[in-house]
Structure formats: structure tokens, C-alpha cells
Amino acid sequence: MATLALSAVGSAVGSALLPGGVSVLGASLSGAMIGQQLGALAGSYVDQALFGVSGQARTFTGPRLSDLSITASSEGAAIPRLYGRARLGGQIIWATNYEEEIIKTTSGASSGGGGKGGGGSSGGASTTQIEYRYYANFAVAVAEGEISSIDRVWVDGRVLDLSQFTYRIYKGDQTQLPDSLIEAKEGAGNAPAYRGVAYIVFERMAIAQFGNRIPQLSFEVHRSVDEFHRLVRGVTVIPGSGEFVYGPGSVDHVIGGGQSEAENIHTKQGGTDWTVSIGQLEDALPNAKSVSLVVSWFGTDMRAGQCQLRPGVELAAKDTSPLVWSVAGLARSAAHLVSQKDGKAAYGGTPSDNSVVAALQDLKARGINVTFSPFLLMDIADANGLVDPYTGALPQPSYPWRGRITIDPAPGLAGSPDKSAAAGAQIANFVGTAQITDFSIAGTSVIYSGPAEWSLRRMILHYAHLCKAAGGVDAFVLLSELRGLSWARDGAGSYPFVTALTALASDVRAVLGPTTKITYAADWSEYFGHQSADGSGDVYFHLDPLWASPDIDAIGIDVYWPLSDWREGRSHLDWQNGVRAIHDLDYLKGNLFAGEGFDWYYASKADRDSQQRTPITDGAGKPWIYRFKDLKSWWLNSHYNRPAGVELLTPTQWTPQSKPVWIMELGCGAVDKGANQPNVFVDPKSSESSLPYYSNGTRDDLIQ
């Protein structure tokens with residue numbers, strides 16, 4: 001075929017190039033004849049390559065490196081000294097010759113009868129394909145040690161998928177040992193440890209994709225600039241939502257047609273989102289040996305009597321492998337479907353039980369103590385058609401704070417069931433009736449056989465049993481910041497939700513045993529008491545029955561106290577008092593137990609705008625009962641309730657100094673004037689979205 005085709009092409013080309021022909025050894029040859037012969041010769045080689053001659057073996061040899069060519073290492077190059085985080089190049093400090101692997105593949109040969117004419121002779125030629133593959137072993141110095149971590153790696157300008165390679169990182173401390181590969185190649189005792197130098201070793205990197213060369217590499221390197229990172233002892237692990245976000249093993253979404261996509265791998269740093277992030281935690285905060293693991297269900301209504309607490313999913317139908325989503329015995333098709341916002345799920349789904357168990361076990365294997373923190377996200381979409389208990393109007397605010405859940409109508413409004421049995425009935429519906437005996441454990445799964453309800457008790461007792469199935473946890477939290485429920489009463493001075501939490505703490509204790517610490521994470525405005533806004537003058541230390549319970553081990557508080565009252569310009573009071581910047585550390589520290597919430601408060605928005613500060617006093621020498629920042633006085637003293645403003649003679653159950661205080665959450669947004677109002681955040685979908693008082697909205701990392 002090629003002989004015929006190329007002879008014809010050659011004839012045409014020769015005729016065009018040599019229209020007069022040539023004379024060879026006295027013979028006259030036309031251009032067409034010469035081109036035809038050359039084309040036929042070339043075509044015969046092509047035909048032989050394609051079809052061969054019967055019984056003749058052929059060998060094809062791929063490209064082979066003739067000499068070694070690697071990225072240069074500059075003699076005397078400076079070793080970078082890094083502060084903070086930056087992208088750096090590196091110097092190759094060690095390398096071997098390329099490892100060559102020869103791959104021979106033989107195909108096409110056949111023998112025996114059955115061919116045309118029979119006789120058992122060979123029926124075809126064999127073809128041998130020889131391929132050369134190359135691997136590089138090398139080490140690259142990136143910075144003076146000790147660094148915190150090497151995160152992303154770029155190769156020839158693209159982010160490298162580290163999961164495809166074998167590598168080891170040395171942070172450059174003064175005790176690091178020689179790399180095992182370098183020592184194996186150089187011999188025991190001959191390999192340097194490169195102490196004081198941070199470097200990375202790649203072992204048998206396949207380099208075909210890089211043009212059979214060591215590629216150009218650069219590294220995202222992080223080094224802490226002070227010792228603060230060594231002071232942090234614990235962190236909160238979020239997001240708390242995402243169907244497999246806590247899975248240490250990879251999970252794929254099977255799309256169909258042989259296609260799938262990773263559910264929980266969103267980096268190229270060599271692992272799942274969980275393993276990469278927890279590894280970064282260990283690198284960045286080496287002494288953070290305690291974490292609070294947040295796992296969320298979804299609240300469906302701000303009215304306690306109608307609110308369900310349910311595990312949810314992002315899609316009603318999704319095929320995943322190797323893990324299949326299930327929470328509390330619920331399959332995906334029966335789970336709460338998270339609402340849509342701007343064409344996508346407003347939240348990630350509840351983490352699957354099997355991934356939560358794996359995360360708990362992984363943390364324990366790393367030597368990290370675990371506080372398990374069930375969490376409630378309010379999935380109330382726009383135009384929801386639900387009555388707002390605070391206004392009586394439609395609809396309820398979109399994606400509100402869980403602390404807004406309350407009785408309907410809310411306390412202080414006309415027709416509110418506050419201080420009546422009807423309020424207790426609404427709260428009882430929210431709490432539910434699930435009992436310990438309704439749950440059982442099979443392996444690492446929890447089986448529920450109780451009443452068909454989606455309630456607080458079902459949620460909390462499910463997770464208590466799941467933690468037990470996973471091998472136990474160090475501490476357990478009975479949800480957090482449910483202020484609107486804890487302040488509701490079913491009689492004068494009677495708080496049914498607090499009673500329910502106290503009973504629930506006892507049940508969790510029965511499940512998890514005496515060594516697990518138990519607490520409730522109260523809001524900073526809630527932990528110290530309830531001052532009724534109905535004009536009665538009531539002051540109750542409403543959480544004291546819970547704090548005094550033998551099943552509660554600590555006073556849990558989410559602390560978002562205002563630490564500044566900063567304004568633009570120089571006319572505001574803090575400037576006039578001598579402070580010159582909101583970032584003044586002494587100023588911020590001084591306001592931990594002073595300023596707003598300790599010395600004074602703003603009675604109205606107008607007062608805040610004009611900085612008309614009202615001193616905090618109770619008229620009886622105990623102003624601390626109104627001070628949310630006066631944690632010390634609250635902890636040191638006995639507590640006396642004041643119905644109608646009159647102090648009782650008998651104290652509450654609280655024993656001064658009897659329990660430690662745990663700060664469960666704290667901080668502020670990385671935003672201008674974040675310390676003015678640390679409890680607010682920007683979330684465009686939420687009705688709670690807000691900037692701090694007098695903030696211009698620009699980013700400010702330093703305020704954190």
C-alpha cells in the first residue's frame with residue numbers, strides 16, 4: 001500500500017522538480033522516473049514496518065537517554081531564611097544517577113495448526129517493543145531550618161499532585177537524622193543529616209512526564225515568626241458539615257459511565273482533605289493536643305414546638321464508594337435535603353457516621369485528645385412560609401443563629417406562653433423522649449429502635465453511642481448557645497430546658513462513663529444568668545442547676561466579648577483616653593475585664609453612636625451579677641436569685657469555685673474593627689450577616 005502510494009507521490013514530485021530529467025551513466029532518466037523509484041523505496045520500508053515478512057521478527061526501540069542531565073546545583077548559593085509564608089525555589093543537594101527500567105513487550109507471534117494450509121508452521125511474526133523508563137532520586141534544600149511545613153509544591157509552574165510520589169520532608173531541626181534513602185545509597189555513616197537545613201527528598205520520581213529530566217520545582221514554605229504557635233493547646237475542627245469531609249480515606253462520587261470524582265480530596269498535597277489538614281495542624285501547632293470536633297445536624301424551625309433536628313444531605317441521590325452515607329440509621333434517600341441557595345446546597349451535609357468514627361480513631365492514633373461537639377445549623381431558606389416567633393409575621397429570617405430558637409410567641413410578646421405549662425410543652429417537643437435503651441451498638445454502627453422523632457435527645461444520645469463505638473472521647477458537649485431555649489420558663493423561676501439538659505447530661509454520663517468530661521457550651525451572654533426583659537426585674541442564675549450537676553465537669557462558654565470601642569478619627573473616647581491604635585495589645589488585654597460589659601453598657605443604639613455609657617450597677621453592691629465579663633466574681637461567689645428584683649436568702653445549687661471554666665470558642669473576624677463586636681460574621685445567605693460596629697469592612701488579619 002505505502003509502496004504504491006509513495007511511488008505515485010514521488011513520480012509527481014520528481015516531475016515537478018526535474019522537468020527536463022537527468023543523464024545517469026549515459027542513460028536519460030526523467031524526473032518522474034527518479035521520483036517514482038525513490039518513493040517506491042521509501043514505501044517498501046513503510047510496508048515492511050507495518051506488515052513485515054512472514055516469520056520475520058521485528059524490534060522497535062524507544063528513546064533512551066545517552067547522558068545524565070539534571071537541574072544544576074549552584075556552588076555557594078545562599079540558603080534562604082524565611083519568616084512567615086512564601087514560595088521558594090531550592091538547591092539540589094543530593095542526587096543519584098537516573099534509574100533506568102527496561103520494559104520489553106512481545107506480541108503478534110502465533111504457532112501451531114489452524115493457519116491457512118495447516119501444517120503447524122508459524123502463522124505470523126513477533127513484534128518486540130522496548131521501552132525505557134527513568135526515575136530520579138534527589139534531595140532539594142529549600143530554607144534554613146527549623147520551618148513549620150512545606151505545603152504546596154509546583155513543578156514547571158503547575159501544582160504537583162504529591163499523592164503520586166514518594167517523598168519525605170525534613171524541617172531542619174538540630175536533631176534530624178539522615179534520610180533512609182540517602183544513607184542506603186551512600187552507606188551507613190556516610191550520609192549527612194543536613195541539620196539546620198529544611199529539605200525534601202523525592203524517591204524514584206517517574207520523570208517521563210517532565211521530559212525525562214528533573215523538573216523545575218518551587219515550594220510553599222511556612223515558618224512561624226514567633227513562639228505563639230507553641231502556646232496553642234487546642235483548636236476547634238470545622239466545618240462540621242460535609243458528607244465525607246472528615247474521612248481519612250478517599251471517597252469517590254460515582255457519576256456513571258466509568259466516571260467518578262473525589263468527594264473529599266480538594267488539594268494536591270498528598271491525601272484527603274482530612275489527612276492534609278490534620279497534618280498541617282500538627283505542623284503549625286505542635287502542642288495543640290486537644291481538638292473539638294464539630295458535627296452538625298439541621299434545625300428546621302425557630303419555633304421550639306415545630307423544630308426538628310435532622311441529619312441532612314446535599315443530594316437526595318448520589319452513588320459513593322467505598323463509603324455510603326448514613327447517619328443515625330438513616331439512608332440518603334430518607335435524610336433531610338439541605339436547602340438550595342443560588343443554585344447550590346446552602347450547607348454541606350451531615351458528616352457520615354462511618355467517616356466520623358474514622359476521624360475519631362485517627363485523632364486518637366495521633367495522640368490528640370478529642371472533645372466531641374454536636375452542632376446545630378438552622379436550615380431555614382428564603383421565603384420559607386414559617387411564622388417568626390419574635391414578630392408573628394412571615395417569613396422567618398433566613399439561616400438564623402441557633403440561639404434564636406424559642407417558644408412561640410417569644411417571651412415578652414403579647415400572647416407568649418412564657419411562665420406557663422404551654423411553654424414547657426413546646427420545649428418538651430424539641431427535647432423529645434428518646435431513651436438510652438432505644439440505642440444499641442453493632443461494631444462501629446449505632447442502631448435506633450425508639451420513637452419516630454427527630455429531637456435533641458435522639459441527636460445527642462446517638463452521638464454519645466457513636467463516640468463509644470469509636471473507642472470513646474475525652475469530652476462531650478451537649479450542644480451550644482441555645483439561649484432562646486434556656487431563657488424560656490414554664491413557671492416563675494422554672495426553666496424546663498435547663499432541666500432537660502441536666503437529665504441529658506446524666507444519660508450521656510451513663511453511656512460514656514466516668515472518665516469522659518461533659519459540658520454545655522453556653523453563649524457568653526447566657527452562661528451567667530437571665531435578666532428578664534419583661535419589666536418584672538427578675539434576675540435568675542438559670543443555668544446553675546446544670547452547672548452544679550455532678551454530671552457536668554466544666555463551665556463551658558463561647559466567649560465573644562467586645563474588647564474595643566474604636567471609631568474613625570480622633571474624637572472618640574478611647575483616643576481621648578490615650579489609645580492610638582485598635583491593635584494596641586495592652587488596650588485589648590485591658591478590656592478583657594473592663595470596658596463594655598464590665599464597667600458600663602450602651603442602653604440604646606443612639607447611646608452607642610454618641611458613646612453615652614451607662615455604668616453597670618445593681619444598687620446592692622453586687623454589680624457583677626449584670627457583668628458578662630466579670631467571670632471571676634461569678635465563679636468566686638455564691639449566687640442568689642432575685643425574683644422581682646428582691647434577693648432571696650438561700651443561694652442556688654452553685655458551689656463557688658467548684659468547676660473549672662472551659663473557653664469553648666473565642667476570637668473575632670479578620671475584619672476592620674473586629675474587636676468591637678467579635679460575635680458577628682459575614683455570611684451573605686444568613687440573616688445574621690453583619691460587620692462589627694463602625695467597621696468599614698476591609699480585611700484586617702492583625703486584629704485576630
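**Note on strand pairing around S16 and S14**

1. Strand S16, which spans residues 290-299, is mostly covered in this model, with nine of its ten residues buried. The model is a predicted one, and the points below should be read with that in mind.

2. On the parallel side of its pairing, S16 is joined by four bridges to strand S13, made up of residues 234-237, and within this pairing Thr236 has Ser292 in S16 as its bridge partner. S16 also runs parallel to strand S25, residues 369-378, where ten bridges link the two strands; here Ser296 is matched with Phe375 in S25.

3. The pairing of S16 with strand S17, which covers residues 309-310, is in the antiparallel sense and rests on two bridges. In this pairing Phe298 has Arg310 of S17 as its bridge partner. As general background, strands of a sheet pair through backbone hydrogen bonds, in either a parallel or an antiparallel arrangement.

4. Turning to another group of strands, S15, S14 and S19 form an open sheet of three strands in the order S15-S14-S19, and the pairing is antiparallel. Because strand S15 (259-262) and strand S19 (320-321) stand at the edges and each has a single partner strand, one side of each is left without a neighbour in the sheet.

5. Within that sheet, strand S14, residues 252-256, pairs with S15 over four bridges in the antiparallel sense, and His253 stands opposite Glu261 in S15.

Methods:
Residues are numbered from 1 along each chain as its sequence is written. This is a predicted model: local features need pLDDT of at least 70, side-chain atom pairs count only at pLDDT 80 or more; totals for chains, interfaces and linings use all residues. Side-chain values use heavy atoms; hydrogens and water are left out. Two strands pair if DSSP finds at least two bridges between them. Buried means under 20% relative accessible area, exposed over 50%, partly exposed in between (1.4 Å probe, protein chains only).
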